[in-house]
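Please look through the structure below with its sequence at hand. The paragraphs after it go from single residues to charged pairs and then to the spaces inside the fold.

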Amino acid sequence: MHVLDSDRYRRDIGSVADLDLDWSQFQDTQLVLSGASGMIGSFVVDVLMTRNQRNNMNCTVHALARDESQLENRFARYRGSSNLLLRPLNVSTDRIQIDHADFVVHAASNTHPVAYAEDPIGTILTNVDGTHAMLDLAVRAQARRFVFLSTVEIYGENRGDVERFRESDLGYIDCNTLRAGYPESKRTGEALCQAFAEQYGTDVVVVRLPRVFGPTMRVDDTKALSQFLLKAVTGQDIVLKSEGKQYYSYCHVADAVSAILTVMASGESGQAYNVADPSYDVHLGELADLVATSAGQHVVFELPNDIEQRGFSPATMALMDGTKLAQLGWHPLLDIVESIHQTLAILKETIT
């Protein structure tokens, strides 16, 4: 089943499309989105297309992604719509030829551990060269706003001086490691945003995402929670490849997208915003138990292989303070237990 045939998924989309945002910001606009076929990008497209269909918003989305077949398959339901233009290209290497854009959103990135280990150069270049190319596009197309999707990983390891990272805090990253390529290149992406703001007057906002999960995840996603969910929907035991003591912030994809749209519509230019709520702070082992209980499975322990080990985050505690985003009116739509149940139900419909 295609995910858009799922009533549960359409309800997720509708819950974001019906949020009390200043949707007039998007009326009769052109929006360029990289990483459009990814977990977050595809959800953004579905929300905007839903608003177009229900509310005549007339927001035209230029959907950028490397794989043409993935773009065509994921968005086949919108074929023929003048509000969705599919553009297969690599934002790191291909010139983006779009004359006008009101919003430019850079969501393309390698975001799972095996990619960090197997394609470390591609990981870095998408985050650096890709961000540079998208910022250049924003300048050429005279965009009103550039939105950069960043990550909790820019904070690195919490060494105990704060409980939760605020946007002004920094943790520790050992830059002389393979695994540092992802967070360090995201940091560089944020620095590029500030450089363009200073040099060209570009209106930029940064959305720092926690570990995101949801039914739009790819089946080859190697993040720990994604693997838990995939094991659960295929009737397998949940495999925990550590002691499970890591303490992280998480977020359902619907809440991630509602946060992105909130910041896009009403965030302050030049600012970064953590997407986080304390109810989604959980230890990895507890998360494995939650998924296992929801699916009627068991948690088993297994040593990671070498590639997996090299791709794992070294951070053991990475909680985010979401106060700044909450002041814009954002809050999660479901609690973490409900969102796990919902995700598993949709995945069972769509991949089994």
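Asp 28 is found in the loop that runs between helix 1 and strand 1. The model is a predicted one. Although Asp 28 is not a glycine, its phi is positive, at about 55 degrees. Asp 28 counts as exposed because its relative accessibility is 51%, and the cut-off for that word is over 50%. A second residue with this kind of backbone angle is Gln 142, a residue other than glycine whose phi is positive and near 55 degrees. Gln 142 sits in the loop between helix 5 and strand 5. With a relative accessible area of 65%, Gln 142 is exposed.

Strand 1, which covers residues 30–34, holds Val 32. Is Val 32 buried or exposed? Its relative accessibility is 0%, so Val 32 counts as buried. Tyr 155 is 123 residues away from Val 32 in sequence, and the two C-alpha atoms are 28 Å apart in space.

Charged pairs come next. Side chains of opposite charge can pair when their charged atoms come close. How many salt bridges does a search of the whole structure find? The search finds 14. One of them joins the side chains of Arg 77 and Asp 5, with 2.5 Å from N to O. Arg 77 belongs to the loop between helix 3 and strand 3 (84–88), and Asp 5 to the segment before helix 1 (7–17), so this pair ties together parts that lie 72 residues apart in sequence. Both ends have some contact with the outside: Arg 77 is partly exposed, with a relative accessible area of 43%, and Asp 5 is partly exposed at 36% relative accessibility.

Glu 72 and Arg 79 form another salt bridge, in which the closest N and O atoms are 3.9 Å apart. That distance counts because the limit for a salt bridge is within 4 Å. Glu 72 is partly exposed at 31% relative accessibility, whereas Arg 79 is exposed, with a relative accessible area of 61%.

A further salt bridge brings together the side chains of Glu 153 and Arg 179, at 2.8 Å from N to O. Glu 153 and Arg 179 both lie in the loop between strand 5 (145–151) and helix 6, so the pair ties together parts that are 26 residues apart in sequence. Are these two residues buried or exposed? Glu 153 counts as buried because its relative accessibility is 13%, and Arg 179 is buried as well, with a relative accessible area of 8%. Elsewhere, Glu 163, Arg 164 and Asp 281 are joined into one network by salt bridges that share partners.

Arg 179 appears again in the lining of an internal space. A search of the whole structure finds 1 cavity of 30 Å³ or more. The largest cavity holds about 30 Å³ of space. Its lining is made up of Tyr 116, Pro 120, Thr 123, Leu 178, Arg 179, Gly 181 and Tyr 182. Helix 5 and helix 6 (181–200) are the elements that give two or more residues to this lining. By type, the lining residues of the largest cavity are 4 nonpolar, 2 polar and 1 charged.

Helix 5 also takes part in a surface feature. Which residues form the nonpolar patch with about 260 Å² of accessible area together? The patch on the surface consists of Ile 121, Ile 124 and Leu 125. Leu 125 lies in helix 5, which spans residues 120–140. At 37% relative accessibility, Leu 125 counts as partly exposed.

The last stop is an open space. The second largest pocket has a volume of about 460 Å³. It is lined by 19 residues, of which Arg 74, Thr 216, Met 217, Arg 218 and Val 219 are the closest to its centre. Two elements, helix 3 (68–74) and helix 12 (336–351), give two or more residues to the lining of this pocket. The lining of the second largest pocket divides into 8 nonpolar, 8 polar and 3 charged residues.

Technical notes
Residues are numbered from 1 along each chain as its sequence is written. This is a predicted model: local features need pLDDT of at least 70, side-chain atom pairs count only at pLDDT 80 or more; totals for chains, interfaces and linings use all residues. Side-chain values use heavy atoms; hydrogens and water are left out. On a 1 Å grid over the protein atoms alone, a cavity is a set of points where a 1.4 Å probe fits but cannot get out, and a pocket is an open set with protein on both sides within 12 Å along at least five of seven lines; lining residues have an atom within 4 Å of a point. Grid points are joined across faces, edges and corners, and a volume is the space filled by probe spheres set on the points. Helices (H or I, at least four residues) and strands (E, at least two) are DSSP runs, numbered from the N terminus. Ala, Val, Leu, Ile, Met, Phe, Trp, Tyr, Cys and Pro count as nonpolar, Asp, Glu, Lys and Arg as charged, and the others, Gly among them, as polar. Patches are made of residues with over 30% relative accessible area and no salt bridge: like charges are joined within 9 Å, nonpolar side chains (Val, Leu, Ile, Met, Phe, Trp, Tyr) within 5 Å. Accessible areas come from the Shrake-Rupley method with a 1.4 Å probe; for residues, only the protein chains shown count as cover. Buried means under 20% relative accessible area, exposed over 50%, partly exposed in between (1.4 Å probe, protein chains only).
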